[in-house]
Amino acid sequence: MNSHFPWKDRILTLIGDSLFFFFFAEFLEISLKMIMGAEGFGTKSAISRTYANMGLEEYDKGHPKILSILASVLERTVQKNEKAMKGSKERGVVTVFHGTRSPVLTVQQYIERIFKYSNCSPSCFVVAYVYLERFLNLTDCLLTSLNVHRILITSIVLAVKFVDDDCYNNAYYAKVGGITTAELNKLEMKFLAALDFRLHVSVESFDKYCLQLEKEDNVKLQIDRPIRIFAWGKGMINKDIVSNCSPTVGGYTCRAF
C-alpha cells in the first residue's frame with residue numbers, strides 16, 4: 001500500500017469487507033434454499049410471468065387460476081382413464097382411496113372448497129399435483145371418479161404441511177374434505193409410504209410443473225360430463241361417517257361416498 005495515502009488503505013479495506021459480506025449473504029441464501037426445499041415457491045424467478053398467470057403471487061377477488069387449471073387436468077385424466085377402462089376387462093387396483101360410488105360435487109368445486117377453508121397458499125396446489133403424480137407413478141393406481149377426491153385431499157394436506165408455515169390439524173382438514181379424521185390419518189400414512197416419505201420438491205421441479213400445468217391449460221378438450229366428487233347439503237350426513245365425527249364446516253355437513 002502507498003503510505004503517502006493512508007485513506008486509500010481504509011477505502012480498500014472497506015471495499016474488501018463489503019465484498020466479503022455480499023458473497024457471504026449470497027452463499028447463505030443459496031444454502032437456505034437448498035435446505036428448505038420449498039422456500040421460494042411462487043416468488044420472483046425466470047418464470048415469474050407463469051406464476052402471475054396462475055395466481056401464485058397475487059390474484060384478484062375470487063380464486064387463483066391454478067385451481068381451475070388443476071381441476072381441468074384432473075377431470076381430463078379421470079375421463080381418459082374411465083374411457084379406457086370401459087373398453088378393457090381391466091378394472092384397476094382397488095385401494096383405500098376408492099369410494100363405492102362417484103359423488104356429485106365437481107372436482108373444481110371441491111378444490112375451491114379446500115382452498116376457501118384451508119387458507120393455504122396457491123403454491124400448495126402445484127406441490128399437491130407433484131405429489132399426486134409421484135403417487136400414481138409409484139403405484140398401480142389409476143385416477144378415477146371413485147378415488148380422485150381422496151387422493152386430492154390427501155396430497156393437498158401434505159403440501160400445505162410442507163409449504164406453508166401455518167396449517168390446521170387433520171381433524172379440521174377431514175371436516176373440509178368430508179371424511180373422518182381416522183380415515184384421513186390412514187390415507188395420509190398410505191400416501192406417505194407410497195412416496196417413501198419423500199416430500200422434497202426443488203424450485204426447479206416446481207417451475208417445471210408450473211410450465212406443464214400452464215401448457216395443459218392451453219389444451220382445449222371437450223369434457224362430456226363433469227367428474228363428481230362430493231354432495232354437500234345442510235342437514236345431510238353420510239351414514240358411512242360416524243356420528244361423533246360431526247363433519248361440519250361453514251354450516252354444511254357432508255354427504256360423501
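**Group meeting: salt bridges, two helices and a core**

Counting pairs in which a side-chain nitrogen of Lys or Arg lies within 4 Å of a carboxyl oxygen of Asp or Glu, we arrive at 5 salt bridges. Please keep in mind throughout that what you see above is a predicted model, and that the values I quote are computed from it.

Let me begin with three of these pairs. In one of them, D217 is joined to K65, with 3.1 Å between the closest N and O atoms. This pair links distant parts of the chain, since D217 sits in helix α9, residues 203–217, while K65 sits in helix α3, residues 65–86, and the two are 152 residues apart. Are the two partners buried or exposed? D217 counts as buried, at 17% relative accessibility, whereas K65, at 39%, counts as partly exposed.

Another pair is made by R76 and E216, whose closest N and O atoms are 3.6 Å apart. Because R76 lies in helix α3 and E216 in helix α9, this salt bridge ties together parts that are 140 residues apart in sequence. Here R76 is buried, with a relative accessible area of 12%, while E216 is partly exposed at 28% relative accessibility.

The third pair I want to show is E183 with R150, where the closest N and O atoms come to 2.7 Å. E183 belongs to helix α8, residues 181–194, and R150 to helix α6, residues 148–163, so the parts tied together by this pair are 33 residues apart in sequence. R150 is buried, at 5% relative accessibility.

Let us turn now to helix α5, residues 123–138. Its 16 residues should span 22 Å at 1.5 Å a residue, and the C-alpha atoms at its ends are 23 Å apart, which agrees with that expectation. How many of its residues are buried? The answer is 12 of the 16, so that we may call α5 mostly covered, taking buried to mean under 20% relative accessible area. Among the buried ones are C124, F125, V126, Y131, L132 and F135. As for what covers them, the list includes α2, α3, α4, α6, α8 and α9.

Helix α8 can be read in a similar way. It has 14 residues, and from its first C-alpha to its last it reaches 20 Å, close to the 20 Å expected. The buried residues in α8 are L184, L187, E188, F191 and L192, and because they cover an arc of only 130° around the axis, they are on the same side of the helix. The face of α8 turned away from that buried side carries A182 and A193, which are exposed. The cover over the buried residues of α8 includes α5, α6 and α7. If you follow the chain past the end of α8, you come to D196, which has a positive phi, near 60°.

One of the α8 residues deserves a longer look, namely F191, which is buried with a relative accessible area of 0%. Which residues does F191 contact, once its neighbours within four places in sequence are left aside? They are F97, Y131, L132, F135, I151, T154, S155 and L158. F191 and F135 are 56 residues apart along the chain, yet their C-alpha atoms are separated by 7.0 Å.

That brings us to the nonpolar core. In soluble globular proteins, nonpolar side chains tend to be buried together. In this model the largest nonpolar core has 59 residues, and the members that touch the most others are L74, I111, F125, V126, Y131 and I151. Helices α2 through α9 each supply at least two residues of this core, and α5 gives the most, with 11 residues. To take one of those well-connected members, I151 touches F97, L132, F135, L136, C141, L143 and F191, again without counting residues up to four places away in sequence.

Finally, a word on the cysteines. How many disulfides does the structure hold? It holds 0. A disulfide is a covalent bond between the sulfur atoms of two cysteines. For C124, the closest cysteine sulfur is that of C120, and at 4.6 Å it is too far for a bond, because the cut-off is 2.5 Å. C124 is buried, with a relative accessible area of 0%, and C141 is buried as well, with a relative accessible area of 5%.

Definitions and conventions: Residues are numbered from 1 along each chain as its sequence is written. This is a predicted model: local features need pLDDT of at least 70, side-chain atom pairs count only at pLDDT 80 or more; totals for chains, interfaces and linings use all residues. Side-chain values use heavy atoms; hydrogens and water are left out. Helices (H or I, at least four residues) and strands (E, at least two) are DSSP runs, numbered from the N terminus. Buried means under 20% relative accessible area, exposed over 50%, partly exposed in between (1.4 Å probe, protein chains only). The expected span of a helix is 1.5 Å times one less than its number of residues. Contact means heavy atoms within 4.5 Å. The arc is that of the directions from the helix axis to the C-beta atoms. A nonpolar core is a set of buried Ala, Val, Leu, Ile, Met, Phe, Trp, Tyr and Cys residues joined through side-chain atoms within 4.5 Å.
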